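User: I would like a close look at one part of this model. Please keep it brisk and stay with what the coordinates show.

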Protein chains: 2
Amino acid sequence: MITNETIELQTAANILKILGDKTRLAMVKIVSENECCVCEFVDLFDMSQPAVSQHLRKLRDSGIVKERRKGQWIYYSLNTSYPYYSFVLQIIKELPSQHYRIEELEAQGKRVTCCDE
Amino acid sequence: MITNETIELQTAANILKILGDKTRLAMVKIVSENECCVCEFVDLFDMSQPAVSQHLRKLRDSGIVKERRKGQWIYYSLNTSYPYYSFVLQIIKELPSQHYRIEELEAQGKRVTCCDE
DNA sequence: TCATTGTATAAGTATATTCTTATATATGCA
DNA sequence: TGCATATATAAGAATATACTTATACAATGA
């Protein structure tokens, strides 16, 4: 019977499971490059607002991303204080940059900008 | 401009989803350290043979692991020819070694040994 | 050949996941 | 205050996942 070290495996499996969804994986990559709010994800993924919100909740509940309210908007970003931040980073650094998506949003005038940062 | 080789989002998500299960993640770590056969996994995970077999099928179908028949036994090992082998390796190298599990099997005389390797 | 052992597959079930629609909550502004 | 916008949550439905039990297939050895 196995007694120890299973917690770390379990932790890793939990993280991988959360990242094992194309939408969430893209979200994490995106927020690692640009702070992003919910309505932007709705545009980016052409997905309903509740669906986006529920994916973000999973990411937030796990601790992988963090949120910051700015007026009406809630901005999501990678949680650099997450205990397994480096593990997450190691995975997402292998992924192609998604910055072009943000640039496309900007080109369409759909980027939510906070001019008073 | 440095062009790192990246892995497509969908591909990465598929791999992460497969690894996002504690049993399969442990299996992959284990076969990265020791070639292992089905009945050994049954002992290691205290899990039914069909359940083990179904997890291994997912890993095999994805290409992450490969099999080698040796008489009645089918040995599984990490597929080093897998196109995303390095991606997988980068993840599992973060996991604690599971070699002690194999050693425990050996101590119990449950390790299937092929003396004629 | 037949029985045994190791492994794979099939079918069914319980649970988990990911959407949907409807509604609630929070903020900003006229 | 009242309304619009941004976001979250609740409830339900369709689908996916991971087991179960039963059975099939493959190799070995008497």
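How many residues does each of chain B and chain A bring to the contact? Please take the side of chain B apart, then follow its elements into the sheet.

Analyst: This is a predicted model, so every value here is computed from predicted coordinates. The contact draws 29 residues from chain B and 27 residues from chain A.

Start with the area. Interface size is often quoted as the accessible area lost when the parts come together. Between chain B and chain A, that buried area is about 2500 Å². Carbon and sulfur atoms give 66% of it. Three residues stand out on the chain B side: B:L9, B:L16 and B:K22. They supply 26% of the area that chain B buries against chain A, more than any other three residues.

Next, the polar side of the interface. Salt bridges across chain B and chain A number 0. With a nitrogen-to-oxygen cut-off of 4 Å, no Lys or Arg side chain of one chain pairs with an Asp or Glu of the other. Polar contacts are found, however: 3 residue pairs, both residues at pLDDT 80 or more.

Which elements of chain B carry the contact? Four helices each supply at least two residues: α1 (9-19), α2 (22-33), α5 (85-92) and α6 (99-107). The largest share, 7 residues, comes from α1(B). By class, the side of chain B that touches chain A has 14 nonpolar, 7 polar and 8 charged residues.

Now the sheet of chain B. It is open, has 3 strands, and runs in the order β1-β3-β2 with antiparallel pairing. β1 (36-37) and β2 (65-70) of chain B stand at the edges. Each has a single partner strand, so one side of each is left without a neighbour in the sheet. The helix α2(B), one of those at the interface, also packs on this sheet. It touches β1, β2 and β3 of chain B, and its direction makes about 90° with that of β3(B).

Look closer at the β2-β3 pair. In chain B, 6 bridges join β2 to β3 (residues 73-78), and the two strands run antiparallel. B:K66 stands opposite B:S77. Further along, B:R69 has B:I74 as its bridge partner. The two strands form a hairpin with 2 residues between them. In that turn, B:G71 has a positive phi of about 65°.

A salt bridge also involves β2(B). B:E35 pairs with B:R68, with the closest N and O atoms 2.8 Å apart. B:E35 lies in the loop between α2 and β1 of chain B, and B:R68 lies in strand β2, so the pair ties together parts that are 33 residues apart in sequence. Over all chains, the count comes to 12 salt bridges.

Chain A can be read alongside. Its open sheet has 3 strands in the order β1-β3-β2, with antiparallel pairing. β1 (36-37) and β2 (65-70) are the edge strands of chain A, each pairing on one side only. Here 6 bridges join β2(A) to β3 (residues 73-78), again antiparallel. A:E67 is bridged to A:Y76, and A:R69 to A:I74. The hairpin of β2(A) and β3(A) has 2 residues between the strands, and A:G71 in the turn has a positive phi of about 70°.

Technical notes:
Residues are numbered from 1 along each chain as its sequence is written. Chains are lettered from A and ligands numbered from 1 in the order in which they are written. Side-chain values use heavy atoms; hydrogens and water are left out. Contact means heavy atoms within 4.5 Å. Buried area is the accessible area (1.4 Å probe) that two parts lose on being put together, summed over both. A polar contact is a pair of N or O atoms within 3.5 Å; within protein, one must be able to donate a hydrogen and the other to accept it, and residues adjacent in sequence count only if both atoms are side-chain atoms. Ala, Val, Leu, Ile, Met, Phe, Trp, Tyr, Cys and Pro count as nonpolar, Asp, Glu, Lys and Arg as charged, and the others, Gly among them, as polar. Two strands pair if DSSP finds at least two bridges between them. Axes are lines fitted to C-alpha atoms, for helices over the stretch in contact, and angles run from 0 to 180 degrees between N-to-C directions.
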